[in-house]
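Thanks for making the time this morning. Please have the sequence and the structure open while I talk, and stop me whenever a term is unclear.

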Amino acid sequence: MTEPQGSAPLPSLAVIGIGTDIIECERIDQMIEKHGQTFLTRVYTTDEIAYCKQRKAANQHYAGRWAAKEAVLKALGTGWAHGIQWTDVEVVNQVGGKPEIVLSGVAEKISRDMGIAQMMISISHCKGYATAYATAVGEAPSPKGSAE
Ligand SMILES: CC(C)(COP(=O)(O)OP(=O)(O)OC[C@H]1O[C@@H](n2cnc3c(N)ncnc32)[C@H](O)[C@@H]1OP(=O)(O)O)[C@@H](O)C(=O)NCCC(=O)NCCS
């Protein structure tokens, strides 16, 4: 591949992990009904709750974030181990709606140790279901024997 003239070579990126999840939106309604605020604050950050609760179909947005968190855990390859908290994985929407993942706590440490530079996410939801797909990308290791 030819590099653009005058610019530094771009690092090659590698896919380090992928993960996907799907959830019935009704399950979120049931958990809110049963556990109320305790459920919400255990799973979602303050900003996520603020984002979801101001929307008409709040349960779909909560369900989308649930699926996103599970998908990220799959991309990390850890599951809910090592003391990872639900709130370690946060969905933040950019202007225009594009979601991004912000990691903190144990999830952030694991991600750093794995050499993950960015956790990409895509979320979709309708009345019945919410789904998300996560892709963890990082710098590709240099080929064995290549000069640094
Ligand atoms: C992005 C878009 C195609 C989503 O499609 P949809 O069928 O309506 O909804 P889906 O259920 O499939 O997806 C919803 C999710 O898409 C994601 N999304 C929203 N905007 C996005 C964007 N610009 N890029 C990538 N993902 C986006 C969000 O995560 C959203 O869920 P959330 O609000 O709970 O975080 C649609 O919202 C769109 O065309 N947006 C254009 C931008 C726009 O209208 N912005 C208005 C404010 S400037």
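Lys-74 has its place in helix α3, where helices (H or I, at least four residues) and strands (E, at least two) are DSSP runs, numbered from the N terminus. Before I go on, please keep in mind that this is a predicted model, in which local features need pLDDT of at least 70 and side-chain atom pairs count only at pLDDT 80 or more, while totals for chains, interfaces and linings use all residues. Residues are numbered from 1 along each chain as its sequence is written.

Lys-74 has 18 other C-beta atoms within 10 Å and is therefore partly exposed; a residue is buried if 20 or more other C-beta atoms, placed from the backbone, lie within 10 Å of its own, exposed if 12 or fewer, and partly exposed in between. Leaving aside residues up to four places away in sequence, Lys-74 touches Gly-19, Thr-20 and Asp-21, and by contact I mean that the C-beta atoms of two residues, placed from the backbone, lie within 7 Å. Lys-74 and Asp-21 are 53 residues apart in sequence, yet from C-alpha to C-alpha they are 8.6 Å apart in space.

After α3 there is a loop that leads to β2 (89–93), and His-82 lies in that loop. The phi angle of His-82 is near 60 degrees, which is a positive value in a residue other than glycine. His-82 counts as exposed, because it has 11 C-beta neighbours inside 10 Å.

Let me step back to the whole chain, which contains four helices and five strands, and whose elements run β-α-α-α-β-β-α-β-β from the N terminus on. Of the 148 residues in the chain, buried residues make up 29%. If we take the contacts between residues at least 6 apart in sequence, 62% of them join residues at least 24 apart.

Now to the helices. Two packed helices are described by the angle between their axes and the distance between the axes. The axes here are lines fitted to C-alpha atoms, for helices over the stretch in contact, and angles run from 0 to 180 degrees between N-to-C directions. Helix α1 (residues 25–43) and α3 have axes that come within 11 Å and cross at roughly 75 degrees, so the two are roughly perpendicular to each other, a label that covers 65 to 115 degrees. On the α1 side the contact is made by Cys-25, Ile-28, Asp-29 and Val-43, and on the α3 side by Asn-59, Gln-60, Tyr-62, Ala-63 and Trp-66.

Helix α2 (residues 46–53) also packs on α3, with axes that come within 8 Å and cross at roughly 145 degrees. Here Glu-48, Tyr-51, Cys-52 and Lys-53 in α2 meet Ala-58, His-61, Tyr-62 and Arg-65 in α3.

What is the order of the strands in the open sheet of three? The order is β1-β5-β4, with antiparallel pairing, and two strands pair if DSSP finds at least two bridges between them. β1 and β4 stand at the edges with a single partner strand each, so one side of each is left without a neighbour in the sheet. From one strand to the next, the twist averages 15 degrees.

Strand β1 (residues 13–24) is joined to strand β5 (residues 129–139) in the antiparallel sense over 11 bridges, and one of the pairs to look for is Glu-24 with its bridge partner Tyr-129 in β5. On the other side, nine bridges join β4 to β5, again running antiparallel, and these two strands form a hairpin with three residues between them. Along that hairpin, Met-120 stands opposite Thr-135 in β5, and Ser-124 has Thr-131 in β5 as its bridge partner.

Finally, the ligand. The residues around the ligand are His-61, Gly-64, Asn-93, Gly-96, Gly-97, Lys-98, Pro-99, Ile-123, Ser-124 and His-125, where a residue is near a molecule if its C-beta atom, placed from the backbone, lies within 6 Å of it. Both α3 (58–76) and β4 (116–125) supply at least two residues of this shell, and β4 gives the most, with three residues.

Note on methods
Parallel < 35°, antiparallel > 145°, perpendicular 65-115°, else oblique.
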